[in-house]
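Dear colleague,

I am handing over the structure below, together with some notes on what was found in it. Please read the notes with the structure open beside you.

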Amino acid sequence: MRVLAINDISCVGKCSLTVALPIISASGVTCDILPTAILSTHTGGFTGYTFRDLSEDIPAILKHWKSINLKYDYIVSGYLGSIEQIDMVKQIKNEFLNPNGTMIVDPVMGDNGILYSHFDDKFVNEMKGLCKFADIIVPNLTEACFLTDTPFNSVNEQSYTEILKKLQTLCGRPSITGCDEKDSENHIRSTVYYTNEAYQTKTFSTEKIEGSFHGAGDVYVSALVGALARGINIDTAVAISATFTKDSILQTKQDGTEARFGLNSESCMLSLLQNLDKASSL
């Protein structure tokens with residue numbers, strides 16, 4: 001299996017490609033990368049960071065790849081800094097994804113109910129168009145609300161299934177991460193998604209670790225791609241990825257690491273690989 005990860009490179013603050021490449025590769029899958037931008041740090045919790053858009057470099061990269069007949073079984077897109085880059089991802093799917101390949105879109109646009117500062121309604125509409133090119137989409141709850149024109153402040157536990165149904169008008173296999181729920185006295189964080197079988201709605205939940213942790217979505221999506229590329233079914237892949245993300249958040253909190261520096265997933269990697277191996281052998 002060969003995976004292409006399209007995302008930015010943040011030199012400090014574990015997220016995007018600095019998360020995707022090690023996790024997907026460790027899963028036993030070849031992972032190539034296409035950087036959309038390079039930043040000195042990511043934009044959450046840091047000021048004065050540098051940012052270089054790499055849109056002008058991408059066409060030459062793609063031209064070279066075509067000359068060596070590269071094709072991919074999975075393409076996963078994350079942070080895209082412009083509408084121009086959204087159009088590039090559509091082109092990449094058409095030209096580089098194998099006929100039976102899978103396109104996964106993480107529509108990175110916002111969190112905690114608001115869009116990131118440089119995105120607007122026009123970008124949201126274009127991202128809706130990209131989601132229609134995808135086989136699987138993995139928005140967080142904020143992004144799912146923007147994609148479905150759902151007011152974030154109106155969302156409750158009963159809303160998740162309805163938002164998921166609306167997302168299905170964009171993509172046949174949507175999911176929503178970061179859905180807060182309460183089980184008896186315990187707060188839990190859930191992923192709500194459609195399975196492959198008759199598009200049945202399912203939920204996988206883990207303990208909610210209080211706090212805001214940068215890069216958690218990238219950790220989840222990277223583990224999910226690695227699991228799916230290993231041939232693991234969607235239910236098990238979601239469970240493995242959500243558990244790995246929760247364990248990484250817990251480790252980060254126990255270590256006392258500043259949230260802006262990303263998740264300490266490294267010490268949780270062995271458990272991830274053991275779970276992948278176990279699931280692959282079933």
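In what sense do β2 and strand β3 pair, and over how many bridges? In this model, which is predicted, β2 and strand β3 (residues 51–53) run antiparallel to one another, and three bridges hold the pairing. One point at which you can find this pairing is L39, whose bridge partner in β3 is F51.

On the other pairing of β2, strand β1 (residues 2–12) and strand β2 (residues 30–41) are parallel and are joined by nine bridges; here L4 has D32 in β2 as its bridge partner. Between these two strands the chain passes through helix α1 (residues 16–26), and the resulting β-α-β crossover is right-handed.

I then turned to the charged side chains. Side chains of opposite charge can pair when their charged atoms come close. The count of salt bridges in the model comes to ten, and three of them are described here one by one.

Among these ten is the pair of K66 and E95, whose closest N and O atoms are 3.8 Å apart, a separation to be read against the cut-off of 4 Å. K66 belongs to helix α2 (residues 58–67) and E95 to helix α3 (residues 83–96), so this salt bridge ties together parts that lie 29 residues apart in sequence. As for exposure, K66 counts as partly exposed because its relative accessibility is 45%, and E95 also counts as partly exposed, at 25%.

A further salt bridge is formed by D235 and K202, with 3.2 Å between the closest N and O atoms. This pair links distant parts of the chain, since D235 sits in helix α8 (residues 234–255) and K202 in strand β11 (residues 201–207), 33 residues apart. D235 has a relative accessible area of 23% and is therefore partly exposed, while K202, with 30%, is likewise partly exposed.

The side chains of D277 and R230 also meet in a salt bridge, at 2.8 Å from N to O. Here, too, distant parts of the chain are linked, for D277 is in helix α9 (residues 269–280) and R230 is in the loop between α7 (216–229) and α8, 47 residues away. D277 is partly exposed at 46% relative accessibility, and R230 is partly exposed with a relative accessible area of 26%.

Finally, D180, R189 and K208 are linked to one another in a network of salt bridges.

With best wishes

Technical notes: Residues numbered from 1 in each chain as written. Predicted model: local features only at pLDDT ≥ 70, side-chain atom pairs only at ≥ 80, totals over all residues. Heavy atoms only, no water. Pairing = 2+ DSSP bridges. Helix = DSSP H or I, 4+ residues; strand = E, 2+ residues; numbered from the N terminus. Right-handed = clockwise from strand over helix to strand, strands pointing away. Buried < 20%, exposed > 50% of the residue type's maximum accessible area, 1.4 Å probe, protein only.
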